[in-house]
Amino acid sequence: MLLSKKRTYNKLVIGFLLFFITGFAIAQVASTNVITGAEGSLIQQAIDGIGIFLSYTGFANITFAHLIMIVVGLFFIFLAVNYDYEPLLLIPIGTGILIGNIPFVAGNQIGIYETGSVLNYLYFGVVKGIYPPLIFLGIGAMTDFSSLLSNPKLMLLGAAAQIGVFLTFIGAIALGFSLQESGAIGIIGGADGPTAIFLSSKLANGLNGSQNLIGPIAIAAYSYMALVPVIQPPIMRLLTSKKERVIKMKPPRVVSKKEKLIFPIIGLLLTTFISPSALPLLGMLFFGNILKESGHTERLAETARTKLIDIVTILLGVTVGASTQADVFLTVDSMKIFGLGAISFVIATIGGLLFAKFMNLFLKGENKLNPLIGAAGVSAVPDSARVVHVEGLKYDKNNYLLMHAMAPNVSGVIGSAVAAGILLSFLG
Amino acid sequence: MMFLNANMEEGFVILLVGMFIVFLALLVLFLLFTLMPKVYEAFDKKPKKQVQTTADSTTETTESYTSGEQIAAVSTAVYLFLEEAHDQENAIVTINSVAKNYSPWSSKIYVTHRFNNK
(Lines give C-alpha, C1' and ligand atoms only; values in the text may rest on other atoms or scores of the structure.)
Protein backbone atom coordinates (compact mmCIF):
# COMPACT_ATOMS: atom_id res chain seq x y z
CA MET A 1 0.00 0.00 0.00
CA LEU A 2 2.74 2.38 1.10
CA LEU A 3 4.89 1.37 -1.85
CA SER A 4 2.10 1.99 -4.36
CA LYS A 5 1.48 5.39 -2.79
CA LYS A 6 5.14 6.21 -3.12
CA ARG A 7 5.11 5.11 -6.75
CA THR A 8 2.08 7.28 -7.51
CA TYR A 9 3.83 10.18 -5.81
CA ASN A 10 7.01 9.60 -7.81
CA LYS A 11 5.02 9.42 -11.04
CA LEU A 12 3.33 12.70 -10.18
CA VAL A 13 6.64 14.44 -9.50
CA ILE A 14 8.17 13.08 -12.72
CA GLY A 15 5.04 14.12 -14.63
CA PHE A 16 5.26 17.65 -13.27
CA LEU A 17 8.95 17.91 -14.05
CA LEU A 18 8.43 16.65 -17.61
CA PHE A 19 5.58 19.12 -18.07
CA PHE A 20 7.70 22.04 -16.95
CA ILE A 21 10.81 21.01 -18.88
CA THR A 22 8.83 20.44 -22.09
CA GLY A 23 6.94 23.70 -21.63
CA PHE A 24 10.18 25.53 -20.95
CA ALA A 25 11.91 24.04 -24.01
CA ILE A 26 8.99 24.73 -26.37
CA ALA A 27 8.59 28.28 -25.05
CA GLN A 28 12.29 29.02 -25.38
CA VAL A 29 12.48 27.69 -28.95
CA ALA A 30 9.22 29.29 -30.07
CA SER A 31 9.96 32.67 -28.55
CA THR A 32 13.36 32.69 -30.30
CA ASN A 33 11.82 31.73 -33.62
CA VAL A 34 9.22 34.46 -33.47
CA ILE A 35 11.94 37.06 -33.84
CA THR A 36 13.49 35.37 -36.85
CA GLY A 37 10.20 34.17 -38.31
CA ALA A 38 9.54 35.47 -41.80
CA GLU A 39 6.29 37.15 -42.69
CA GLY A 40 4.25 35.56 -45.38
CA SER A 41 1.89 32.64 -45.48
CA LEU A 42 -1.06 32.21 -43.18
CA ILE A 43 0.51 29.14 -41.61
CA GLN A 44 3.70 31.04 -40.95
CA GLN A 45 1.66 33.81 -39.27
CA ALA A 46 -0.16 31.25 -37.17
CA ILE A 47 3.14 29.75 -36.07
CA ASP A 48 4.37 33.24 -35.22
CA GLY A 49 1.16 33.84 -33.24
CA ILE A 50 1.79 30.71 -31.21
CA GLY A 51 5.35 31.86 -30.73
CA ILE A 52 4.17 35.24 -29.44
CA PHE A 53 1.73 33.54 -27.10
CA LEU A 54 4.43 31.22 -25.82
CA SER A 55 6.79 34.13 -25.28
CA TYR A 56 4.22 35.52 -22.83
CA THR A 57 3.98 32.30 -20.82
CA GLY A 58 5.74 31.71 -17.56
CA PHE A 59 7.94 29.08 -19.21
CA ALA A 60 9.56 31.66 -21.48
CA ASN A 61 10.17 34.17 -18.71
CA ILE A 62 11.24 31.96 -15.86
CA THR A 63 14.54 32.56 -14.16
CA PHE A 64 16.43 30.63 -11.51
CA ALA A 65 15.32 33.19 -8.89
CA HIS A 66 11.66 32.49 -9.67
CA LEU A 67 12.25 28.77 -9.19
CA ILE A 68 13.90 29.35 -5.82
CA MET A 69 10.98 31.47 -4.64
CA ILE A 70 8.43 28.91 -5.86
CA VAL A 71 10.27 26.25 -3.85
CA VAL A 72 10.19 28.58 -0.81
CA GLY A 73 6.43 29.04 -1.24
CA LEU A 74 5.91 25.28 -1.50
CA PHE A 75 8.08 24.80 1.60
CA PHE A 76 5.87 27.22 3.57
CA ILE A 77 2.76 25.29 2.56
CA PHE A 78 4.52 22.03 3.43
CA LEU A 79 5.46 23.34 6.90
CA ALA A 80 1.89 24.43 7.54
CA VAL A 81 0.26 21.22 6.32
CA ASN A 82 2.76 18.69 7.62
CA TYR A 83 3.86 20.24 10.90
CA ASP A 84 0.89 22.52 11.61
CA TYR A 85 3.24 25.51 12.02
CA GLU A 86 0.99 28.61 11.97
CA PRO A 87 -1.12 27.28 9.07
CA LEU A 88 -3.41 30.31 9.11
CA LEU A 89 -0.44 32.45 8.16
CA LEU A 90 1.90 30.16 6.29
CA ILE A 91 -0.69 28.87 3.82
CA PRO A 92 -1.80 32.35 2.65
CA ILE A 93 1.82 33.55 2.61
CA GLY A 94 3.07 30.40 0.86
CA THR A 95 0.35 30.65 -1.76
CA GLY A 96 1.08 34.37 -2.07
CA ILE A 97 4.74 33.55 -2.77
CA LEU A 98 3.62 31.23 -5.59
CA ILE A 99 1.30 33.92 -6.98
CA GLY A 100 3.98 36.60 -6.76
CA ASN A 101 6.60 34.50 -8.48
CA ILE A 102 4.79 33.33 -11.56
CA PRO A 103 6.97 34.79 -14.33
CA PHE A 104 5.20 37.25 -16.60
CA VAL A 105 5.96 39.99 -19.09
CA ALA A 106 5.87 43.32 -17.30
CA GLY A 107 3.55 46.11 -18.41
CA ASN A 108 0.22 44.31 -18.42
CA GLN A 109 -0.91 45.33 -14.94
CA ILE A 110 -0.39 41.87 -13.51
CA GLY A 111 2.34 42.08 -10.90
CA ILE A 112 1.91 43.33 -7.37
CA TYR A 113 4.30 46.23 -8.03
CA GLU A 114 2.53 47.34 -11.22
CA THR A 115 0.25 50.32 -10.68
CA GLY A 116 -3.37 49.49 -11.38
CA SER A 117 -3.11 45.73 -11.01
CA VAL A 118 -5.57 43.95 -8.74
CA LEU A 119 -2.75 42.70 -6.53
CA ASN A 120 -1.39 46.23 -6.32
CA TYR A 121 -4.75 47.47 -5.00
CA LEU A 122 -4.81 44.73 -2.38
CA TYR A 123 -1.18 45.48 -1.51
CA PHE A 124 -2.22 49.07 -0.78
CA GLY A 125 -3.45 47.88 2.62
CA VAL A 126 0.06 46.68 3.42
CA VAL A 127 1.96 49.67 2.04
CA LYS A 128 -0.25 52.14 3.88
CA GLY A 129 -0.33 50.07 7.07
CA ILE A 130 -4.11 49.54 6.99
CA TYR A 131 -4.22 45.79 7.64
CA PRO A 132 -2.09 45.60 10.83
CA PRO A 133 -4.38 47.81 12.98
CA LEU A 134 -7.38 45.76 11.82
CA ILE A 135 -5.58 42.59 12.87
CA PHE A 136 -4.89 44.25 16.23
CA LEU A 137 -8.59 45.01 16.57
CA GLY A 138 -9.32 41.31 16.20
CA ILE A 139 -6.52 40.35 18.60
CA GLY A 140 -7.91 42.80 21.17
CA ALA A 141 -11.38 41.30 20.81
CA MET A 142 -10.07 37.80 21.45
CA THR A 143 -7.54 38.53 24.20
CA ASP A 144 -8.32 37.92 27.84
CA PHE A 145 -6.09 40.15 29.93
CA SER A 146 -7.18 38.59 33.23
CA SER A 147 -3.94 36.60 33.66
CA LEU A 148 -2.06 39.87 33.34
CA LEU A 149 -4.36 41.67 35.76
CA SER A 150 -4.11 38.95 38.36
CA ASN A 151 -0.32 39.24 38.41
CA PRO A 152 0.63 42.67 37.02
CA LYS A 153 4.35 42.29 37.71
CA LEU A 154 4.50 39.87 34.76
CA MET A 155 4.04 42.92 32.49
CA LEU A 156 7.70 43.70 33.02
CA LEU A 157 8.70 40.47 31.28
CA GLY A 158 6.98 41.75 28.14
CA ALA A 159 9.08 44.90 28.40
CA ALA A 160 12.36 43.01 28.97
CA ALA A 161 11.91 40.91 25.84
CA GLN A 162 11.86 44.09 23.74
CA ILE A 163 15.64 44.22 24.10
CA GLY A 164 15.54 41.97 21.03
CA VAL A 165 14.05 44.83 19.02
CA PHE A 166 16.62 47.41 19.99
CA LEU A 167 19.73 45.20 19.80
CA THR A 168 18.69 43.97 16.36
CA PHE A 169 18.25 47.61 15.40
CA ILE A 170 21.88 48.21 16.40
CA GLY A 171 22.93 45.05 14.54
CA ALA A 172 21.21 46.26 11.37
CA ILE A 173 23.03 49.59 11.58
CA ALA A 174 26.30 47.70 11.98
CA LEU A 175 25.52 45.73 8.82
CA GLY A 176 25.17 48.96 6.86
CA PHE A 177 21.42 49.53 6.73
CA SER A 178 20.15 53.10 7.08
CA LEU A 179 18.55 54.17 10.35
CA GLN A 180 15.02 53.86 8.95
CA GLU A 181 15.69 50.44 7.47
CA SER A 182 17.35 49.32 10.71
CA GLY A 183 14.30 50.42 12.72
CA ALA A 184 12.03 48.36 10.48
CA ILE A 185 14.35 45.34 10.69
CA GLY A 186 14.70 45.65 14.46
CA ILE A 187 10.98 45.24 15.03
CA ILE A 188 11.23 41.62 13.83
CA GLY A 189 12.50 41.04 17.40
CA GLY A 190 9.06 42.09 18.62
CA ALA A 191 7.85 38.75 17.22
CA ASP A 192 4.69 40.39 16.07
CA GLY A 193 3.86 40.10 12.37
CA PRO A 194 1.32 42.95 12.11
CA THR A 195 3.60 45.33 14.06
CA ALA A 196 6.54 44.41 11.81
CA ILE A 197 4.47 45.10 8.68
CA PHE A 198 3.10 48.33 10.14
CA LEU A 199 6.53 49.72 10.98
CA SER A 200 8.21 48.56 7.78
CA SER A 201 5.38 50.13 5.75
CA LYS A 202 6.20 53.42 7.44
CA LEU A 203 10.00 53.26 7.59
CA ALA A 204 11.18 50.98 4.77
CA ASN A 205 8.55 51.32 2.06
CA GLY A 206 10.87 52.44 -0.73
CA LEU A 207 9.31 55.90 -0.77
CA ASN A 208 11.33 57.79 1.83
CA GLY A 209 14.74 57.19 0.33
CA SER A 210 14.95 53.76 1.92
CA GLN A 211 14.70 50.38 0.23
CA ASN A 212 11.37 48.57 0.09
CA LEU A 213 11.91 45.92 2.73
CA ILE A 214 8.29 45.17 3.62
CA GLY A 215 8.35 41.75 1.95
CA PRO A 216 11.58 40.40 3.48
CA ILE A 217 10.74 41.79 6.94
CA ALA A 218 7.21 40.39 6.93
CA ILE A 219 8.38 37.00 5.68
CA ALA A 220 11.18 36.89 8.26
CA ALA A 221 8.82 37.91 11.09
CA TYR A 222 6.15 35.37 10.22
CA SER A 223 8.62 32.58 9.46
CA TYR A 224 10.34 32.94 12.82
CA MET A 225 6.98 33.25 14.58
CA ALA A 226 6.06 29.91 13.06
CA LEU A 227 9.40 28.52 14.17
CA VAL A 228 9.01 29.60 17.82
CA PRO A 229 8.56 25.93 18.91
CA VAL A 230 11.94 25.19 17.32
CA ILE A 231 13.88 28.32 18.34
CA GLN A 232 12.85 28.82 21.96
CA PRO A 233 13.11 25.45 23.80
CA PRO A 234 16.92 25.03 23.45
CA ILE A 235 17.46 28.57 24.80
CA MET A 236 15.07 27.90 27.68
CA ARG A 237 16.98 24.75 28.63
CA LEU A 238 20.31 26.51 28.29
CA LEU A 239 19.45 29.41 30.58
CA THR A 240 17.41 27.72 33.29
CA SER A 241 18.22 24.98 35.77
CA LYS A 242 15.99 21.94 36.32
CA LYS A 243 15.09 23.31 39.73
CA GLU A 244 13.89 26.57 38.21
CA ARG A 245 11.85 24.84 35.53
CA VAL A 246 9.70 23.03 38.09
CA ILE A 247 8.82 26.11 40.12
CA LYS A 248 5.07 26.14 40.66
CA MET A 249 3.59 29.59 40.55
CA LYS A 250 0.77 30.88 42.72
CA PRO A 251 -2.57 30.30 40.99
CA PRO A 252 -3.92 33.52 39.49
CA ARG A 253 -6.60 35.31 41.47
CA VAL A 254 -10.08 35.81 40.08
CA VAL A 255 -10.32 39.12 38.24
CA SER A 256 -13.55 41.09 38.41
CA LYS A 257 -15.46 42.17 35.31
CA LYS A 258 -14.96 45.81 36.26
CA GLU A 259 -11.18 45.40 36.34
CA LYS A 260 -11.25 43.72 32.96
CA LEU A 261 -13.11 46.69 31.47
CA ILE A 262 -11.01 49.34 33.17
CA PHE A 263 -7.74 47.79 31.93
CA PRO A 264 -8.21 48.50 28.19
CA ILE A 265 -9.49 51.99 28.89
CA ILE A 266 -6.57 52.93 31.13
CA GLY A 267 -4.15 50.98 28.96
CA LEU A 268 -5.31 52.87 25.88
CA LEU A 269 -5.02 56.28 27.50
CA LEU A 270 -1.73 55.62 29.21
CA THR A 271 0.26 53.85 26.53
CA THR A 272 -0.85 56.15 23.73
CA PHE A 273 -0.11 59.22 25.81
CA ILE A 274 3.41 57.86 26.36
CA SER A 275 3.90 56.74 22.77
CA PRO A 276 1.34 58.42 20.44
CA SER A 277 2.99 56.95 17.34
CA ALA A 278 1.73 53.53 18.40
CA LEU A 279 -1.85 54.85 18.35
CA PRO A 280 -3.06 52.92 15.28
CA LEU A 281 -1.92 49.64 16.82
CA LEU A 282 -2.61 50.15 20.50
CA GLY A 283 -5.79 52.14 19.85
CA MET A 284 -7.26 49.27 17.87
CA LEU A 285 -5.95 46.60 20.26
CA PHE A 286 -7.60 48.19 23.27
CA PHE A 287 -10.70 49.13 21.29
CA GLY A 288 -11.16 45.48 20.41
CA ASN A 289 -10.76 44.57 24.06
CA ILE A 290 -13.28 47.18 25.16
CA LEU A 291 -15.75 45.65 22.69
CA LYS A 292 -15.12 42.29 24.33
CA GLU A 293 -15.25 43.37 27.94
CA SER A 294 -18.01 45.98 27.83
CA GLY A 295 -20.59 43.20 27.80
CA HIS A 296 -22.89 45.16 25.50
CA THR A 297 -21.17 44.82 22.14
CA GLU A 298 -20.82 41.09 21.81
CA ARG A 299 -21.88 41.19 18.16
CA LEU A 300 -19.14 43.65 17.25
CA ALA A 301 -16.55 41.78 19.29
CA GLU A 302 -17.59 38.53 17.63
CA THR A 303 -17.21 40.06 14.16
CA ALA A 304 -13.83 41.58 15.03
CA ARG A 305 -12.38 38.34 16.38
CA THR A 306 -13.76 36.06 13.68
CA LYS A 307 -14.86 37.34 10.29
CA LEU A 308 -12.93 40.62 10.21
CA ILE A 309 -9.60 39.23 11.38
CA ASP A 310 -10.00 36.26 9.04
CA ILE A 311 -10.62 38.47 6.01
CA VAL A 312 -7.70 40.74 6.84
CA THR A 313 -5.42 37.77 7.54
CA ILE A 314 -6.22 36.36 4.11
CA LEU A 315 -5.54 39.67 2.36
CA LEU A 316 -2.43 40.39 4.41
CA GLY A 317 -0.98 36.91 4.03
CA VAL A 318 -1.49 36.59 0.32
CA THR A 319 -0.27 40.11 -0.53
CA VAL A 320 2.77 39.89 1.71
CA GLY A 321 3.56 36.55 0.09
CA ALA A 322 3.06 38.00 -3.38
CA SER A 323 5.32 40.94 -2.55
CA THR A 324 8.28 38.57 -2.51
CA GLN A 325 8.65 38.84 -6.26
CA ALA A 326 12.02 37.22 -6.99
CA ASP A 327 13.69 40.28 -8.53
CA VAL A 328 12.78 42.42 -5.49
CA PHE A 329 13.13 39.79 -2.79
CA LEU A 330 16.20 37.72 -3.60
CA THR A 331 18.94 40.13 -2.62
CA VAL A 332 21.88 40.06 -0.24
CA ASP A 333 19.98 42.47 2.02
CA SER A 334 17.12 40.00 2.34
CA MET A 335 19.56 37.34 3.48
CA LYS A 336 20.97 39.77 6.05
CA ILE A 337 17.43 40.48 7.27
CA PHE A 338 16.78 36.77 7.70
CA GLY A 339 19.98 36.41 9.71
CA LEU A 340 19.14 39.41 11.89
CA GLY A 341 15.59 38.14 12.36
CA ALA A 342 16.82 34.82 13.76
CA ILE A 343 19.22 36.60 16.11
CA SER A 344 16.51 39.01 17.26
CA PHE A 345 14.23 36.14 18.32
CA VAL A 346 17.06 34.57 20.26
CA ILE A 347 17.96 37.85 21.99
CA ALA A 348 14.32 38.57 22.85
CA THR A 349 13.93 35.11 24.38
CA ILE A 350 17.14 35.51 26.36
CA GLY A 351 16.01 38.97 27.55
CA GLY A 352 12.72 37.62 28.89
CA LEU A 353 14.28 34.57 30.56
CA LEU A 354 17.07 36.49 32.25
CA PHE A 355 14.71 39.19 33.48
CA ALA A 356 12.44 36.55 35.04
CA LYS A 357 15.49 35.17 36.85
CA PHE A 358 16.43 38.70 37.90
CA MET A 359 12.93 39.30 39.29
CA ASN A 360 13.22 36.08 41.26
CA LEU A 361 16.08 37.62 43.21
CA PHE A 362 13.54 39.95 44.82
CA LEU A 363 10.63 37.55 45.12
CA LYS A 364 10.12 35.03 47.84
CA GLY A 365 8.17 31.86 48.49
CA GLU A 366 5.10 31.28 46.39
CA ASN A 367 5.56 34.62 44.62
CA LYS A 368 8.61 33.29 42.78
CA LEU A 369 8.32 33.06 39.01
CA ASN A 370 9.03 30.07 36.86
CA PRO A 371 11.66 31.71 34.62
CA LEU A 372 10.40 29.77 31.62
CA ILE A 373 7.50 32.20 31.33
CA GLY A 374 10.00 34.98 30.57
CA ALA A 375 10.38 33.44 27.10
CA ALA A 376 6.72 34.23 26.42
CA GLY A 377 7.51 37.94 26.66
CA VAL A 378 8.49 37.88 22.99
CA SER A 379 4.86 38.28 21.94
CA ALA A 380 4.08 35.71 19.18
CA VAL A 381 0.67 35.19 20.77
CA PRO A 382 -0.21 32.50 21.74
CA ASP A 383 2.54 30.28 20.36
CA SER A 384 5.31 31.22 22.74
CA ALA A 385 2.97 30.80 25.75
CA ARG A 386 2.08 27.36 24.44
CA VAL A 387 5.78 26.50 24.02
CA VAL A 388 6.43 27.57 27.64
CA HIS A 389 3.52 25.43 28.82
CA VAL A 390 4.72 22.36 26.93
CA GLU A 391 8.30 22.88 28.13
CA GLY A 392 7.09 23.19 31.74
CA LEU A 393 5.05 19.98 31.46
CA LYS A 394 8.15 18.09 30.35
CA TYR A 395 9.69 18.57 33.80
CA ASP A 396 6.55 18.43 35.94
CA LYS A 397 3.37 16.96 34.55
CA ASN A 398 1.26 18.90 37.03
CA ASN A 399 2.78 22.30 36.38
CA TYR A 400 0.36 24.24 34.18
CA LEU A 401 2.13 27.37 33.02
CA LEU A 402 -0.16 28.39 30.18
CA MET A 403 -2.19 31.01 32.05
CA HIS A 404 0.92 32.43 33.70
CA ALA A 405 2.74 32.58 30.37
CA MET A 406 -0.17 34.37 28.70
CA ALA A 407 0.51 37.41 30.90
CA PRO A 408 4.00 38.23 29.55
CA ASN A 409 2.76 37.10 26.16
CA VAL A 410 0.04 39.76 25.90
CA SER A 411 2.21 42.38 27.59
CA GLY A 412 4.77 41.55 24.89
CA VAL A 413 2.17 42.63 22.32
CA ILE A 414 1.74 45.95 24.13
CA GLY A 415 5.52 46.27 24.57
CA SER A 416 6.32 45.63 20.91
CA ALA A 417 3.64 48.11 19.81
CA VAL A 418 5.12 50.74 22.16
CA ALA A 419 8.62 49.92 20.81
CA ALA A 420 7.29 50.34 17.25
CA GLY A 421 5.82 53.70 18.26
CA ILE A 422 9.13 54.84 19.71
CA LEU A 423 11.07 53.81 16.59
CA LEU A 424 8.49 55.55 14.43
CA SER A 425 8.64 58.76 16.43
CA PHE A 426 12.46 58.81 16.22
CA LEU A 427 12.85 57.74 12.61
CA GLY A 428 9.54 58.42 10.85
CA MET B 1 32.40 56.70 21.24
CA MET B 2 35.15 57.59 18.76
CA PHE B 3 34.85 54.27 16.93
CA LEU B 4 31.16 54.68 16.29
CA ASN B 5 29.79 56.37 13.24
CA ALA B 6 26.96 58.91 13.48
CA ASN B 7 24.26 56.33 12.74
CA MET B 8 25.54 54.01 15.41
CA GLU B 9 25.63 56.78 17.99
CA GLU B 10 22.05 57.72 17.22
CA GLY B 11 21.21 54.03 17.31
CA PHE B 12 22.52 53.68 20.85
CA VAL B 13 20.55 56.74 21.94
CA ILE B 14 17.39 55.17 20.50
CA LEU B 15 18.27 51.85 22.18
CA LEU B 16 18.56 53.45 25.61
CA VAL B 17 15.59 55.79 25.30
CA GLY B 18 13.48 53.10 23.67
CA MET B 19 14.06 50.51 26.36
CA PHE B 20 13.47 53.13 29.02
CA ILE B 21 10.12 54.17 27.53
CA VAL B 22 8.95 50.58 26.98
CA PHE B 23 9.77 49.78 30.60
CA LEU B 24 8.20 53.01 31.77
CA ALA B 25 4.92 52.34 29.94
CA LEU B 26 4.59 48.84 31.31
CA LEU B 27 5.90 49.82 34.74
CA VAL B 28 3.21 52.48 35.07
CA LEU B 29 0.58 49.94 34.02
CA PHE B 30 2.03 47.45 36.51
CA LEU B 31 1.93 49.94 39.38
CA LEU B 32 -1.54 51.08 38.48
CA PHE B 33 -3.00 47.62 38.33
CA THR B 34 -1.16 46.50 41.45
CA LEU B 35 -2.75 49.36 43.34
CA MET B 36 -6.14 49.05 41.73
CA PRO B 37 -7.48 46.15 43.84
CA LYS B 38 -6.52 48.11 46.96
CA VAL B 39 -8.32 51.21 45.68
CA TYR B 40 -11.34 49.05 44.99
CA GLU B 41 -11.34 47.73 48.48
CA ALA B 42 -11.17 51.25 49.86
CA PHE B 43 -14.17 52.37 47.78
CA ASP B 44 -16.15 49.20 48.23
CA LYS B 45 -16.05 49.40 51.99
CA LYS B 46 -19.73 49.43 52.70
CA PRO B 47 -21.01 49.30 56.26
CA LYS B 48 -21.06 45.60 56.82
CA LYS B 49 -24.05 44.05 58.43
CA GLN B 50 -23.21 42.68 61.76
CA VAL B 51 -23.34 38.97 61.37
CA GLN B 52 -24.73 37.17 64.32
CA THR B 53 -22.28 34.45 64.94
CA THR B 54 -23.49 31.33 66.54
CA ALA B 55 -21.34 28.51 67.60
CA ASP B 56 -22.25 26.25 64.69
CA SER B 57 -22.48 28.82 61.90
CA THR B 58 -19.00 30.29 61.89
CA THR B 59 -17.47 30.43 58.46
CA GLU B 60 -13.84 30.74 57.72
CA THR B 61 -12.90 33.32 55.16
CA THR B 62 -10.33 31.89 52.84
CA GLU B 63 -8.94 33.25 49.60
CA SER B 64 -10.59 31.39 46.78
CA TYR B 65 -8.16 30.41 44.13
CA THR B 66 -8.90 28.13 41.25
CA SER B 67 -5.81 26.06 40.79
CA GLY B 68 -4.68 24.49 37.54
CA GLU B 69 -5.39 21.04 38.98
CA GLN B 70 -8.97 22.03 39.82
CA ILE B 71 -9.53 23.46 36.35
CA ALA B 72 -8.09 20.29 34.81
CA ALA B 73 -10.30 18.10 37.02
CA VAL B 74 -13.45 20.05 36.15
CA SER B 75 -12.57 20.02 32.45
CA THR B 76 -12.00 16.26 32.56
CA ALA B 77 -15.31 15.74 34.33
CA VAL B 78 -17.16 17.82 31.74
CA TYR B 79 -15.36 16.06 28.92
CA LEU B 80 -16.16 12.62 30.34
CA PHE B 81 -19.77 13.58 30.89
CA LEU B 82 -20.18 14.76 27.33
CA GLU B 83 -18.41 11.70 25.98
CA GLU B 84 -20.56 9.47 28.15
CA ALA B 85 -23.66 10.79 26.45
CA HIS B 86 -22.43 9.00 23.39
CA ASP B 87 -21.58 5.80 25.25
CA GLN B 88 -25.06 5.41 26.69
CA GLU B 89 -26.36 3.99 23.46
CA ASN B 90 -27.87 0.50 23.59
CA ALA B 91 -24.77 -0.94 21.92
CA ILE B 92 -26.84 -3.26 19.73
CA VAL B 93 -25.49 -3.15 16.27
CA THR B 94 -28.01 -4.15 13.67
CA ILE B 95 -28.17 -3.95 9.97
CA ASN B 96 -31.55 -2.56 9.12
CA SER B 97 -33.05 -3.62 5.87
CA VAL B 98 -33.39 -0.56 3.76
CA ALA B 99 -36.50 -0.36 1.64
CA LYS B 100 -35.49 0.92 -1.74
CA ASN B 101 -38.12 2.53 -3.82
CA TYR B 102 -38.14 1.54 -7.43
CA SER B 103 -36.78 4.12 -9.76
CA PRO B 104 -35.79 3.78 -13.40
CA TRP B 105 -32.60 5.65 -12.46
CA SER B 106 -31.49 2.80 -10.27
CA SER B 107 -32.99 0.03 -12.34
CA LYS B 108 -30.62 -2.56 -13.62
CA ILE B 109 -32.75 -3.08 -16.68
CA TYR B 110 -32.27 0.50 -17.82
CA VAL B 111 -28.69 0.69 -16.75
CA THR B 112 -26.96 3.34 -18.77
CA HIS B 113 -23.38 2.26 -18.41
CA ARG B 114 -23.13 -0.97 -20.24
CA PHE B 115 -19.54 -1.73 -20.81
CA ASN B 116 -18.47 -4.15 -23.38
CA ASN B 117 -16.56 -6.56 -21.25
CA LYS B 118 -16.26 -9.24 -23.86
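**A friendly note on rings, helices and backbone in the model**

1. A good place to start is A:Phe166, which touches A:Ala419 and A:Leu423 as well as B:Ile14, B:Leu15, B:Gly18, B:Met19 and B:Val22, leaving aside residues up to four places away in sequence (contact means heavy atoms within 4.5 Å). This is a predicted model, in which local features need pLDDT of at least 70 and side-chain atom pairs count only at pLDDT 80 or more, while totals for chains, interfaces and linings use all residues. Residues are numbered from 1 along each chain as its sequence is written, chains are lettered from A and ligands numbered from 1 in the order in which they are written, and side-chain values use heavy atoms, with hydrogens and water left out.

2. A:Phe166 sits in helix 10 (residues 163–174) of chain A; helices here are DSSP runs of H or I with at least four residues, numbered from the N terminus. With a relative accessible area of 0%, A:Phe166 is buried (buried is under 20%, exposed over 50%, partly exposed in between, using a 1.4 Å probe and protein chains only).

3. How many aromatic pairs are there over all chains? The search of the whole structure finds 13, where rings of Phe, Tyr and Trp (its six-membered ring) pair if their centres lie within 6.5 Å, with planes under 30 degrees apart counted as stacked, over 60 as edge-to-face and the rest as tilted. A:Phe145 and A:Phe263 form a tilted pair, because their ring centres are 4.8 Å apart and their planes stand at 50°. This pair links distant parts of the chain, 118 residues apart: A:Phe145 is in the loop between helix 7 (131–142) and helix 8 (146–150) of chain A, and A:Phe263 is in helix 16 (residues 257–274) of chain A. Both A:Phe145 and A:Phe263 are buried.

4. A:Tyr224 and A:Phe338 are edge-to-face, because their planes meet at 65°, with ring centres 6.3 Å apart. A:Tyr224 belongs to helix 13 (residues 214–226) of chain A and A:Phe338 to helix 20 (residues 332–360) of chain A, so the pair ties together parts 114 residues apart in sequence. A:Tyr224 counts as buried at 11% relative accessibility, whereas A:Phe338 counts as partly exposed at 21%.

5. Ring pairs also join A:Phe145, A:Phe263, A:Phe286 and B:Phe33 into a cluster. Two of its members appear again where helix 16 of chain A meets helix 1 of chain B: the residues involved include A:Phe263 and B:Phe33, along with A:Ile266, A:Leu270, B:Leu29 and B:Met36. These helices pack at an angle of about 150°, with their axes 11 Å apart; axes are lines fitted to C-alpha atoms, for helices over the stretch in contact, and angles run from 0 to 180 degrees between N-to-C directions. Helix 16 of chain A and helix 1 of chain B are therefore roughly antiparallel (angles over 145 degrees; under 35 is roughly parallel, 65 to 115 roughly perpendicular and the rest oblique).

6. For the backbone, please look at two residues. A:Ala191, in the loop between helix 11 (179–186) and helix 12 (193–203) of chain A, has a positive phi of about 50° although it is not a glycine. A:Ser379, in the loop between helix 20 and helix 21 (383–395) of chain A, has a positive phi near 75°. A:Ala191 counts as buried at 1% relative accessibility, and A:Ser379 counts as buried at 1% too.
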